[in-house]
Amino acid sequence: EAGVSVDSLLLPYLADSVTSVAFDQRKFHGSGKDFAERVKNLRAQFKTLNEEIITFAALRSDAADLDLVSIWFKEKAVRNNGKSDSTFYQENWRFNKDGKINYRTAFARYGF
């Protein structure tokens with residue numbers, strides 16, 4: 001949302017160490033603060049960015065001691081150059097034993 005700091009929204013939920021694999025297979029591994037900075041830099045490329053949650057599923061594996069949330073959403077954006085874009089995403093967010101996000105994967109579907 002416009003005027004809201006990415007740090008204040010995201011940092012409280014990130015583990016000290018985060019791994020992220022983007023839909024285009026770009027990988028990031030580093031601190032939660034560095035991950036939030038990357039998100040902030042990405043968001044700066046857009047005049048507007050709206051994400052509509054379609055659905056989500058919270059998953060728990062006692063055997064693997066694993067908590068995960070899968071989220072499906074549609075993103076509508078206008079880039080700084082004025083070009084509009086719309087994409088469907090599915091992301092998986094894995095949580096550590098402290099309830100902080102430590103792993104993320106993303107998948108995208110484009111409407112060609």
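What span should the twelve residues of helix α2 have, and how far apart are its end C-alpha atoms? In this predicted model, helix α2 covers residues 32-43, and at 1.5 Å a residue it should span 16 Å. The end C-alpha atoms of α2 are 17 Å apart, which agrees with the expected value.

Helix α2 belongs to a chain with two helices and six strands. Read from the N terminus, the order of the elements is α-β-β-α-β-β-β-β. The radius of gyration of the chain is 15 Å, close to the 13 Å given by the globule rule for 112 residues, so the chain is as compact as a globular protein of that length. Along the principal axes, the C-alpha atoms fill a box of roughly 50 × 30 × 25 Å. Of the 112 residues, 28% are buried. Among contacts with a separation of 6 or more, 38% are between residues 24 or more positions apart.

The two sides of α2 can be described separately. Gly32, Phe35, Ala36 and Val39 are the buried residues named for this helix. They cover an arc of only 100° around the axis, which puts them on the same side of α2. Lys33 and Arg38, on the other side of the helix, are exposed. Arg43 is also found in α2. With a relative accessibility of 33%, Arg43 counts as partly exposed, because this value lies between the 20% limit for buried and the 50% limit for exposed residues. When residues up to four places away in sequence are not counted, Arg43 touches Leu49 and Glu51. Arg43 and Arg79 are 36 residues apart in sequence, while their C-alpha atoms are 9.4 Å apart in space.

Aromatic residues were examined next. The structure holds three aromatic pairs. In one of them, Phe28 and Phe35, the ring centres are 5.8 Å apart and the planes stand at 45°, so the pair is tilted. The angle lies between the 30 degrees under which planes count as stacked and the 60 degrees over which they count as edge-to-face. Both residues of this pair are buried: Phe28 has a relative accessibility of 10%, and Phe35 has a relative accessible area of 6%. Phe35 is also one of the buried residues of α2. Elsewhere, ring pairs link Phe23, Phe73 and Tyr89 into a cluster. A contact of another kind involves Phe88, where the charged end of Arg109 sits over the ring at 4.6 Å from its centre.

Two residues stand out by their backbone angles. Most residues other than glycine have a negative phi. Gln25 is not a glycine, yet its phi is positive, at about 70°. Gln25 lies in the loop between β1 (14-21) and β2 (27-31). At 51% relative accessibility, Gln25 counts as exposed. Asp65, likewise not a glycine, has a positive phi of about 50°. Asp65 is found in the loop between β3 (46-61) and β4, and with a relative accessible area of 54% it is exposed.

The remaining positions concern β5 and the loop before it. Gly82 is in the loop between β4 (66-79) and β5 (84-95). The relative accessibility of Gly82 is 37%, so this residue counts as partly exposed. From C-alpha to C-alpha, Gly82 and Leu49 are 12 Å apart in space, with their positions 33 residues apart in sequence. Leu49 is also one of the residues touched by Arg43. Ser86 has its place in strand β5 and, at 34% relative accessibility, counts as partly exposed. Leaving aside neighbours within four places in sequence, Ser86 is in contact with Lys74, Glu75 and Lys76. The C-alpha atoms of Ser86 and Tyr110 are 7.8 Å apart, and the two residues are 24 residues apart in sequence.

Key: Residues are numbered from 1 along each chain as its sequence is written. This is a predicted model: local features need pLDDT of at least 70, side-chain atom pairs count only at pLDDT 80 or more; totals for chains, interfaces and linings use all residues. Side-chain values use heavy atoms; hydrogens and water are left out. Rings of Phe, Tyr and Trp (its six-membered ring) pair if their centres lie within 6.5 Å; planes under 30 degrees apart count as stacked, over 60 as edge-to-face and the rest as tilted. Buried means under 20% relative accessible area, exposed over 50%, partly exposed in between (1.4 Å probe, protein chains only). A charge sits over a ring if NZ of Lys or CZ of Arg is within 6 Å of the ring centre and within 35 degrees of the ring normal. Helices (H or I, at least four residues) and strands (E, at least two) are DSSP runs, numbered from the N terminus. The expected span of a helix is 1.5 Å times one less than its number of residues. The arc is that of the directions from the helix axis to the C-beta atoms. The radius of gyration is taken over C-alpha atoms; the globule rule is 2.2 Å times the number of residues to the power 0.38. Contact means heavy atoms within 4.5 Å.
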